[in-house]
Amino acid sequence: MEKFSKSFGKNKTREQNIKECIKVSDLLISSFGPISMDKMIIDNTGEITTTNDGANILKRLETTHPVTNILVNLASQQDEEIGDGTTSVVIIASELLKRAEQLIKNKIHPSIIISAYRLAMCFSCSYLRKELCLTPQKNDIGSLLNIAKTSLASKISGVNSKKFAMISLQAVKAVQVKERGRKKTRCQIKAISFTKIQGQNMNNSCLVNGYIIPNQKIFSGFSTCISPAKIACLNIDFRRSKLHHGVLARIETPGEIRKISKEEFKIAKKKAKELLKSGVNIILTSKGIDEFLQKFFLKNGVVAIRRISLDCMKKIAMATGAKIRNKIDFKKENFFFNSLFLGEAEEIFDQEISKKEILVIRGCRFCPGGTILLRGTTENLLDEISQSLIDSLCMVKKTLEGKKIVAGGGSVETALSVSLENLGSSINKQEQLPILEFGEALMTIPKILVQNSGLNVSEVIAKLRTLHRASKNPILKKYKHFGLDLGRKKIRNNILSGIIEPVFNKIKCLQIATEAAITILRIDDFIFLKKENEKEEKKNLN
């Protein structure tokens, strides 16, 4: 049997849920936009992280309220699917909830607000695609660079956005693949890896045409470069085989110990000899290699490198054309390993950077890909740069795949707000007010951008609204792309000034924010279940 108890009534539950979401939004507001503040996060162990990245803050946030968990989980979808715009999702969703609370107090039913919000979201996405988005010219490098710069502007790497934007563009272009029989292109950004080495300035970061294996070097007795490289990627242990768990060996004389030891050496050596038949000269394994096998490989002109992470191994296999082998079967001929499983690269060499050894695989067979080598003074700085570059890579990828862009700097939100005003005024139903409030909620994005830059909010927003209202006139149509250029403290045509974003980013942001607001609005009460058996057990213990 189960009993239940309610929390504190429908209206109070909804109010409490909205308050909790607003608290999360208030944490992120000051860290939004190109001119923003950082947050210092201190965890239970005392480790300090300084960041202004919304996704990073939300990941580290320890939320106890179930509704804030819903908001954080839905916002993290934006980061997973698009790579950027997490903060925008939380801010818009919280503002929609705040305005919904006022509408409920004005006796508008939540179901009407939900249907109006859905209608406004669908209208906004449709208007974005038809009226606000542009298609850049084919091979327009300038637009792609501007996309990367816009993404990096609000991050720590925005100080040198030109350099990092170029690194992002070159890295994505290297993994761009055209699908056969289709005009579509795919960008395999998972093939791009990052290597972080502390020391020097972040301006010394660069894109390496190849894959870097950190903390490894070619053994002494070999030249520092091997060319061409025949690479075997293995998930196999090259240490002496041991008895399985639960297996016992009865030993009566010391001679039997030597026999077992010799047999273990034979099995390990058999693996090595079988492998050498394929013509391999570089062996990469995710597990261990015994010292006697290292010497055996070196005598046969083969370099063996152990304990490489599986993630790194998968990227190397994808680029070189190697196939990762996980097990051995000597019963079937040529089943264990042959030349078809080998990857190919032009050369492999070792290098020392800031007293750290790295191994570089260059000229991979299938995917030119590459590794972004990051330099910086602290670990925290390197983590922040890598996160900002991942966001930038995702933005460039979405632009290349979607081939549609929109103006940034609050231009889209203002244009949608003005259009929703016109839509709301044409509807004579109860949905009119929620649609107007949806438009006003979108205006929080340009308002926060202006507020964080230290400008006069009411003056700048009034000018921006006026220009977008004027854009409804066909003669003044160009004003629909006007937005905030906070670097120059002006309202400009952001398409011409290079403040642009992929349209898919904006559409997904609106969809997830609206879905988050609707999901939370639909919750009108909490029910806590209590089992009677638990009460009886407590009584028996007492």
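This tour visits two charged surface patches, one helix, and several residues with notable backbone geometry. The structure is a predicted model, and every value quoted below is computed from that model.

**First stop: the negative patch.** Select Asp43, Glu47, Glu62 and Glu379 together and display their side chains; they form a patch of negative charge on the surface. Then restrict the selection to Asp43, which sits in the loop connecting β2 (39-42) with β3 (48-51). Asp43 has a relative accessibility of 32%, and because buried means under 20% and exposed over 50%, this residue is classed as partly exposed.

**Second stop: helix α4.** Select residues 86-105, the 20 residues of α4. From first C-alpha to last, α4 reaches 29 Å, close to the 28 Å expected at 1.5 Å a residue. Switching on the surroundings shows how the helix is placed: 17 of its 20 residues are buried, so α4 is largely enclosed by the rest of the structure.

**Third stop: Lys107.** Continue along the chain past α4 to Lys107, in the loop that leads from α4 to α5 (110-132). Which sign does the phi of Lys107 have? The value is positive, near 70°, in a residue other than glycine. This merits a look because most residues other than glycine have a negative phi. Lys107 is also exposed, at a relative accessible area of 75%.

**Fourth stop: the positive patch.** Select Lys138, Lys178, Lys183 and Lys403, which make up a positive patch on the surface. Two of its members, Lys183 and Lys403, deserve separate selections. Lys183 belongs to the loop between β4 (176-178) and β5 (185-187). With a relative accessibility of 78%, Lys183 counts as exposed.

Lys403 occupies the loop between α11 (379-402) and β16 (405-407). Its relative accessible area is 40%, so Lys403 is partly exposed. A Ramachandran display adds a further point: the phi of Lys403 is positive, about 60°, although the residue is not a glycine.

**Last stop: the Ser227–Pro228 peptide bond.** Select Ser227 and Pro228 and inspect the bond between them. Is this peptide bond cis or trans? The bond is cis, with omega about -10°. It is worth checking in the viewer because most peptide bonds are trans. Pro228 itself lies in the loop between β9 (225-226) and β10 (229-234), and selecting both strands along with the proline shows the setting of the cis bond.

Notes:
Residues are numbered from 1 along each chain as its sequence is written. This is a predicted model: local features need pLDDT of at least 70, side-chain atom pairs count only at pLDDT 80 or more; totals for chains, interfaces and linings use all residues. Side-chain values use heavy atoms; hydrogens and water are left out. Patches are made of residues with over 30% relative accessible area and no salt bridge: like charges are joined within 9 Å, nonpolar side chains (Val, Leu, Ile, Met, Phe, Trp, Tyr) within 5 Å. Accessible areas come from the Shrake-Rupley method with a 1.4 Å probe; for residues, only the protein chains shown count as cover. A salt bridge is a side-chain nitrogen of Lys or Arg within 4 Å of a carboxyl oxygen of Asp or Glu. Lys and Arg count as positive and Asp and Glu as negative; His and the chain ends are not counted. The place of a charge is taken as NZ of Lys, CZ of Arg, CG of Asp or CD of Glu. Helices (H or I, at least four residues) and strands (E, at least two) are DSSP runs, numbered from the N terminus. Buried means under 20% relative accessible area, exposed over 50%, partly exposed in between (1.4 Å probe, protein chains only). The expected span of a helix is 1.5 Å times one less than its number of residues.
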